[in-house]
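Let's take a walk through this fold, one piece at a time. Keep the viewer open and follow along as we go.

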Amino acid sequence: MKAVVYREFATLPAVETVPDPAPRSHGVVLRVMATGLCRSDWHGWMGHDSDITLPHVPGHEIAGIVEAVGRDVRHWRAGDRVTLPFVCGCGGCPQCISGNHQVCDHQFQPGFTNWGSFAEFVAIDHADINLVRLPDSLDFVIAASLGCRFVTSFRALVAQANVSAGQWVAVHGCGGVGLSAIMIATALGANVVAIDIDDDKLALARSIGAIETVNARQKKDVVEGVMDLTQGGAHVSIDALGSPDTCFNSIANLRKRGKHVQVGLMLGDHTCPSVPMATVIAKELEIFGSHGIQAHEYPAVLAMIRTGKLRPEKLIGKTIRLDQSPKELADMNNFSGTGVTVIDRF
């Protein structure tokens, strides 16, 4: 099969011909129909993720068709249209038994612990636990764009922050995660303040529901700006980028008893950011992490897409060929372009 492979970190990957994968007894092989490019893939390529062993194939936002099925798989057949979370569970550890597959003790992640989906085929373990059936009406590109960004934002807002109608939600960073959070928070009835350094991204944020925007390059004090716009601070704030500045601002711009959710990855030199802990104590703030979503929680997302309350297709910036993805991956830290990029031609 054709696959994007990197043999050294931070060195441009190349499209190579590598052996086709085979399913394990509890797994399947998917024919990849579409796969998203994510900043998490960039972090992996840079060597920020200790789970990656070289040589490596990135890619974790997958939509495809079941191609081959292991002998112990019960619920899936060749030809089924599927997607899956980027964090996959084993099904047997205490976390999975409690329904929290997103923090499985033995989790595997295509594109990180295993070879991923920048390829014609990808192997997925524990298929009965991790695959999600796609409705025939949902395009593969849209399904791939849900990937880690959209569904992670959904769980961050719904399960972790418990966002409710009328609350103010601040979203720091208007990349794929941030735009997803803006759309979802708006659908939940919240008022959203979007923060970014790019006016085009802020314009897109407004078009999908943001009530107010702050350009962090132009506004000297982002925290003050959010406090003013929300008349006292956000009820919920999300760092959707993952940087020391956005993390600090997201916590500092909360009103009393507000909730900060860290969704953007803090890797490499950013693993221990400065936190305004005196403010956390004085205002009784809550700080949450959010790490993916369980496969069994997808129906709520798919139902809101089916009814038109969520329109993830509006977040797709462009589609590309597999052979264009190495350069796109290397360019991700430049934050150029708006919306989600999806590979759909192999």
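How many bridges join E3 to strand E6, and do they run parallel or antiparallel? Four bridges link E3 to E6 (residues 121-124), and the two strands run antiparallel. Keep in mind as you look around that this is a predicted model. One pair to pick out here is Leu 30, which sits opposite Val 122 in E6.

Stay with E3, which spans residues 28-37. E3 also pairs with strand E4 (residues 61-69), in the antiparallel sense and over eight bridges. Within that pairing, Val 29 has Ala 68 of E4 as its bridge partner. Then there's strand E15 (residues 340-345), which pairs with E3 over three bridges, again in the antiparallel sense. There, Gly 36 is matched with Val 342 of E15. E3 is mostly covered, too, with eight of its 10 residues buried. As a reminder of what holds such strands together, strands of a sheet pair through backbone hydrogen bonds, either parallel or antiparallel.

From the end of E3, hop over to Ser 325. Among the residues Ser 325 touches are Leu 37, Val 4, Phe 118 and Ile 343. Ser 325 belongs to helix H11, which covers residues 325-330. Is Ser 325 buried or exposed? Its relative accessibility is 1%, so Ser 325 counts as buried. Its side chain still finds a polar partner, reaching the backbone oxygen of Leu 322 at 2.6 Å.

Now for another sheet. This one is open and has six strands in the order E10-E9-E8-E11-E12-E13, with parallel pairing. Strands E10 (212-215) and E13 (286-289) stand at the edges; each has a single partner strand, so one side of each is left without a neighbour in the sheet. Neighbouring strands are turned by 20 degrees against each other on average, direction ignored. Zoom in on E8 (residues 168-172) and E9 (residues 191-196), and you'll find five bridges joining them in parallel. Val 171 stands opposite Ala 194 of E9 in that pairing.

Helices pack on this sheet as well. H6 (residues 199-207) touches E9 and E10, and its direction makes about 170 degrees with that of E10. H7 (residues 222-229) lies across E8, E9, E10 and strand E12 (254-262), running at about 160 degrees to E9. Which residues of H7 are buried? They are Val 222, Val 223, Gly 225, Val 226 and Met 227. These buried residues pack against E8, E9, E12 and helix H8 (244-252).

Both ends of H7 deserve a look. At the N-terminal end, Asp 221 acts as a cap, with a side-chain oxygen 3.2 Å from the backbone nitrogen of Val 223. Just after H7, Gln 231 takes a positive phi of about 55 degrees.

Last stop: Arg 155, in helix H4 (residues 140-160). Arg 155 has a relative accessible area of 10%, under the 20% cut-off, so this arginine counts as buried. Its contacts include Asn 100 and Gln 102, along with Ser 290, His 291, Gly 292, Ile 293 and Gln 294. Arg 155 and His 291 are 136 residues apart along the chain, yet their C-alpha atoms are separated by 8.6 Å. With Gln 294, the link is a polar contact of 3.5 Å between the two side chains.

Notes
Residues are numbered from 1 along each chain as its sequence is written. This is a predicted model: local features need pLDDT of at least 70, side-chain atom pairs count only at pLDDT 80 or more; totals for chains, interfaces and linings use all residues. Side-chain values use heavy atoms; hydrogens and water are left out. Buried means under 20% relative accessible area, exposed over 50%, partly exposed in between (1.4 Å probe, protein chains only). A polar contact is a pair of N or O atoms within 3.5 Å; within protein, one must be able to donate a hydrogen and the other to accept it, and residues adjacent in sequence count only if both atoms are side-chain atoms. Contact means heavy atoms within 4.5 Å. Two strands pair if DSSP finds at least two bridges between them. Axes are lines fitted to C-alpha atoms, for helices over the stretch in contact, and angles run from 0 to 180 degrees between N-to-C directions. Lists of a residue's contacts leave out its neighbours within four places in sequence.
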